[in-house]
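Colleague: Could you walk me through this model, one question at a time? I am new to reading structures, so please explain the terms as we go.

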Amino acid sequence: MSAAHAGALAELLRILGCGEESAALAFEHLGNSWHDTSIRSALAGIAADERQHQLLLAGLRESLPQARQDPSLEATMRRFFMRLADRDVLVHLVRIVAIDSAVCHILGALRGSGKPLASDVRVSAILERIHRDEARHVAIASRCAALLLKSPRGTEIAADARQELTQLLRLRADSLEALAVDPDRLFAQLRTGAAARRAG
């Protein structure tokens, strides 16, 4: 991996790594909110996966250049992840489904054939593992929140969450571009995904 690609990945991992930490805490909390033991177990398993993702990304970051200091980005990330939470467990789950499905799309774009990260065996393997797990998490969380997710209110909640994620990622659009991902196209696809969920 070139120095430019490594630096761009380091910048993106600031957002993705923060997301894994937030998701782990969220699924631990959500798991404790359910009486159904099978759902509690499934959500606890997701929380464990997210903790593993944190470790994988932390190990990866150690081999990359240090990301530049950016208090504005840190503050924006904190606000974004805090706003995902809700006293209504189902609303919280719908937002997580929206974000995790978007992350799957982002990871797919970064790992695409011919992209710089696809040629790095270690990086590609880590991102593939996370991508696979996140897709499974989306499926489980979607089943838990199916009624709200399929409602007009739920689809609006999901669309809003994806839109806010897009705004956060815009702060690192240059890093996406450095990794051969067209940020405008990616953001449009994320918005389209939200619109498709509303239309469905």
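**Pockets, cavities and core**

Modeller: Let's begin with the largest pocket, which has a volume of about 240 Å³. On a 1 Å grid over the protein atoms alone, a pocket is an open set of points with protein on both sides within 12 Å along at least five of seven lines, whereas a cavity is a set where a 1.4 Å probe fits but cannot get out; lining residues have an atom within 4 Å of a point. Grid points are joined across faces, edges and corners, and a volume is the space filled by probe spheres set on the points. This is a predicted model: local features need pLDDT of at least 70, side-chain atom pairs count only at pLDDT 80 or more, and totals for chains, interfaces and linings use all residues. Residues are numbered from 1 along each chain as its sequence is written, and side-chain values use heavy atoms, with hydrogens and water left out.

Colleague: Which element gives the most to the lining of the largest pocket?

Modeller: The lining has 15 residues, and Ala10, Leu13, Arg14, Arg61 and Ala67 lie nearest the centre of the pocket. Two elements give two or more residues to this lining, helix 1 and helix 2 (37-62); helices (H or I, at least four residues) are DSSP runs numbered from the N terminus. With six residues, the one that gives the most is helix 1.

Colleague: How do the residues lining the second largest cavity divide into nonpolar, polar and charged?

Modeller: This cavity has a volume of about 30 Å³, and its lining is made of Leu12, Ile15, Leu16, Ile106, Leu110 and Leu169. Ala, Val, Leu, Ile, Met, Phe, Trp, Tyr, Cys and Pro count as nonpolar, Asp, Glu, Lys and Arg as charged, and the others, Gly among them, as polar. The division is therefore no charged, no polar and six nonpolar.

Colleague: Which helix gives the most to the largest nonpolar core?

Modeller: A nonpolar core is a set of buried Ala, Val, Leu, Ile, Met, Phe, Trp, Tyr and Cys residues joined through side-chain atoms within 4.5 Å. The largest one has 63 residues, and those with the most contacts inside it are Leu9, Phe27, Leu93, Leu110 and Leu186. With 13 residues, the helix that gives the most to this core is helix 4.

Colleague: Is Cys144 buried or exposed?

Modeller: Cys144 belongs to helix 5 (residues 121-144). Leaving aside neighbours within four places in sequence, Cys144 is in contact (heavy atoms within 4.5 Å) with Trp34, Ile39, Leu90 and Leu93. Buried means under 20% relative accessible area, exposed over 50% and partly exposed in between, with a 1.4 Å probe and protein chains only. Because its relative accessible area is 16%, Cys144 is buried.

Colleague: What kind of aromatic pair do Phe80 and Phe81 form?

Modeller: A search of the whole structure finds one aromatic pair. Its rings, those of Phe80 and Phe81, are 4.9 Å apart centre to centre, with 75° between the planes. Rings of Phe, Tyr and Trp (its six-membered ring) pair if their centres lie within 6.5 Å; planes under 30 degrees apart count as stacked, over 60 as edge-to-face and the rest as tilted. The pair is therefore edge-to-face.

Colleague: What is the phi of Ala180?

Modeller: Ala180 sits in the loop between helix 8 (173-178) and helix 9 (183-199). Most residues other than glycine have a negative phi. Ala180 has a positive value, near 65°.
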